[in-house]
Structures are given as C-alpha cells and as structure tokens.
Amino acid sequence: MNKEKFNQSIDNIDVPLEKLLAREKAAMNQGKNRRKHGRTTKQSILVACGLCISLLGSGFVSTGMAEALSNIPLIGPIYNDFRDIASEKIERDQLTTVIEKQDSQNGLKMTVKEAAYDGGRLIVTVVYTGVKDLSLEEEKAGFNYITINGQPVKPAMGSTGQDDINSKTIIEHHQFTLSNYNEYGDKIEIAVHGEDLFGYEGKWKVAFPLEKIKGDISEFYPKVKAKTADDVYTITADKVTFSPLSTRIDLTMDYPAEMDENDTWKWFDFSVVDSNGRVYDRLELQSGMAGEYGHHMVLALPPMDTIPQSVTLKPADVNNEGFIEVIKELELVVPLDIQK
C-alpha cells in the first residue's frame, strides 16, 4: 500500500473534535498514563492501526471501574470503559468466564481475571498489582503477549488498552479478532506471558483452558460482489458470521497482481449500514487483514441480537483533496438470506 496515502488517511480520520478535546481534558485531569507493550507476535499494519484506535477510544478509569474491580470475580462493566464492541452484551449476558489465576514474582502479581472466546474473538482481562508503585516509564522496557495452544496469536486485528486504578494497580484489556472464524475450535489453551513489567524484573506466566461461549451462531454465505468501472478492484462478501462477541464480515479483495509486487494496493476504509438504518463506523467498526496484501479483509461490528435482512458496505478512500470519500461504485448490498 502507498505509504504516503496511508499516512494521509490516518491524519484524516474523522474524530469528533469536541469528544477528542473532552477526552484529552479528562486525561490531563485524571493524570492517566498509558504505554504500549512490545510484542513477539508478527502483526500486520492493521493491528497497529487497531491499537491506535483502541487507545483513542479506550475509557479512562472511572469510579465505576474501580468499583467493578472491588466486586471480583465479575468485572464485566470494565468493558464499557475500554469501549469494547461487545461491551453491552458482555455485561448484560455475563459472557465472560471467571479465571482468577495468578503468578507472582519479585513483588508483582499478574492476575488473569476474566476471558471470553466465541470462535472469532478472544478477550482477556489482566490485573497487575505491586508491593511498590508500578512504573509506566521503565528504564528497562518490558513486554507481554498472549498465546493460543502454545503459539503467538496472529490475528486479523488486535489491541491492548491499559488504565491505572491506583499507583499499585493496573488493569489491562486484550482483544483479538482472529484471522479465520473457529480456526482454533471449541476448546483452547490460553497463556498470558510477561517479562520485566512496570519496573519489576522477572518473568510471569498464567495459563488456563477456555471454552467457547455457548450461544447462537449464524453463518451466511452471500458471495455478492462489486467492482470498479475500470475492473481494477473487486470486493466480494464471502461470509457474514453472527456470534456472541461480534458480527463478522469476511471479504475478498481482488486487484492486479503487480500491485502486490510494488505495494500500491489500496487500504479501504469502511462503514456499514444495516437494513434497519443503523450505521456502524468509527469505534463501532474494526477492520483488519488476514494474511498478506489485504486480499482477505475482516470487518468486526458489535454483536446483534436480531439479524437484519441485509447490510450495505460503503468502502471509502482518500480523495485528491486529502479527505475520505465513499467510493459509490464499490458500495455493496449484502443479503442475509443465504445460510449454510
């Protein structure tokens, strides 16, 4: 993908100014600090974008979150603070599995509180507590990562959000949209790994089994497509999956092979409108890449209790003036009446 256009598209992300200023003010007033952890997983450029968006959308710690933490083991309400796309349903239907497993080394305790997995998304909540203050500006940078069945996660998208509850307690939210739905099956083995965290030296690991959430899962295979008039780009909606933690849309993006070789393929922004008129964009829509060169794209929307008759995909790109503009010829109406 053209690096200059990608950077330009990031600069033109449409974030409401008043909300951004309010969040910035809240951050300064509450003195919240964040940091990114180094990763051992190979992640696509989209994962990096997902991380930026997650940190912008992540909630600052409220008294509600602190209260939720005091009501262990269920801390479902924290997902609202982290703006998880499934936060409402997680809290309402209590979808998380209580883990409550920990590892303690050299004065720092890493506790996995809850986790949730539905075959397409994985969410893990971790709390760190120290005997002394936790430093967000370590002299020796630490890192953490999560494995599934002993292997680092290679998701279509993923992000980590953090907030400090107090000087000795930090809560961390990991979320992944997996590259392929149900690629790991119904039962998985999760491990959270950490090394040299928050000013503490050492290695931490908490491992636990996790089963898929019990709930309705519906899969549709519309196989509809749209293409540009010059036949350069074709978008095919291969599959739409409704599961407890998300509404997932798998797309195939076709374009001339030479664009792979010279890295000039476009990364489209998307918004989605369902047949009931609800619009999904900004913090209610995540987009990611499974595999290389953007041929397999994944869109993740909040879970839906009622399946709409259709969804309309609205791809957009940066125009000559540097603004994001919907590409009308690639708009795609995806009917949801072809179920496997």
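In this predicted model, E325 has a relative accessibility of 45% and therefore counts as partly exposed, since that label covers values between the 20% that bounds buried residues and the 50% that bounds exposed ones. E325 belongs to strand β19, which runs over residues 324-326. Leaving aside residues up to four places away in sequence, E325 is in contact with P315, A316, D317 and N319. A distance between C-alpha atoms gives another view of this part of the fold, for E325 and K314 are eleven residues apart along the chain, and their C-alpha atoms are separated by 9.8 Å.

One of the residues touched by E325 is A316, and it is useful to turn to this partner next. A316 is part of strand β18, which covers residues 310-318. With a relative accessibility of 6%, A316 counts as buried, because buried means a value under 20%. Its contacts, again without residues up to four places away in sequence, are F268, D269, I324, E325, V326 and I327. The C-alpha atoms of A316 and F270 are separated by 6.0 Å, although these two residues are 46 positions apart along the chain.

From A316 we can step to F268, which is among its contacts and which also takes part in a cluster of aromatic rings. Ring pairs join Y233, Y255, W265, W267 and F268 into this cluster. How is a pair of aromatic rings described? The distance of the centres and the angle of the planes are used for this purpose. In the whole structure there are seven aromatic pairs. One of them is formed by Y233 and Y255, whose ring centres lie 5.9 Å apart and whose planes meet at 50°, so that the pair is classed as tilted. This pair links distant parts of the chain, since Y233 is in the loop between β11 (224-227) and β12 (234-243), while Y255 is in the loop between β13 (246-254) and α7 (258-262), 22 residues apart. Both of these tyrosines, Y233 and Y255, are buried.

The residues of this ring cluster also appear around an enclosed space. The model has two cavities of 30 Å³ or more, and the second largest cavity has a volume of about 40 Å³. Which residues line the second largest cavity? The lining consists of Y233, M253, Y255, W265, K266, W267, F268, G294 and M297. Sorted by character, this lining holds seven nonpolar residues, one polar residue and one charged residue.

The two strands that flank the tyrosine loops, β12 and β13, can be followed through one residue of each. T241 is found in strand β12, and with 1% relative accessibility T241 counts as buried. S246 is located in strand β13, and S246, at 3% relative accessibility, counts as buried too. Beyond residues up to four places away in sequence, T241 has contacts with Y181, I217, S218, E219, S246, T247 and R248, a list that includes S246 itself. The same kind of list for S246 names I85, D118, R121, T241, L301, P302 and P303. T241 and G120 are separated by 121 residues in sequence, yet from C-alpha to C-alpha they are 8.8 Å apart in space.

Two of the residues touched by S246, namely I85 and P302, lead on to an open space at another place in the model. The second largest pocket has a volume of about 450 Å³. It is lined by 21 residues, and I85, E88, R278, E284 and P302 are the ones that lie nearest its centre. Helix α6, residues 87-93, supplies the largest share of this lining, with four residues. What is the character of the lining of the second largest pocket? It divides into eight nonpolar, four polar and nine charged residues.

A ring can also have a charge as its partner. The charged end of K132 sits over the ring of Y200, at 4.0 Å from the centre of that ring.

Finally, these details can be placed in the chain as a whole, which contains seven helices and 20 strands. Of its 340 residues, 52% are buried. Among the contacts in the chain with a separation of 6 or more, 66% are between residues 24 or more positions apart.

Methods:
Residues numbered from 1 in each chain as written. Predicted model: local features only at pLDDT ≥ 70, side-chain atom pairs only at ≥ 80, totals over all residues. Heavy atoms only, no water. Buried < 20%, exposed > 50% of the residue type's maximum accessible area, 1.4 Å probe, protein only. Contact = heavy atoms within 4.5 Å. Phe/Tyr/Trp six-rings, centres within 6.5 Å; stacked < 30°, edge-to-face > 60°. Lys NZ or Arg CZ within 6 Å of the ring centre and 35° of its normal. 1 Å grid on protein atoms, 1.4 Å probe; cavity = no way out; pocket = protein on both sides within 12 Å on 5 of 7 lines; lining within 4 Å. Points joined across faces, edges and corners; volume = space filled by probe spheres on them. Nonpolar A, V, L, I, M, F, W, Y, C, P; charged D, E, K, R; others polar.
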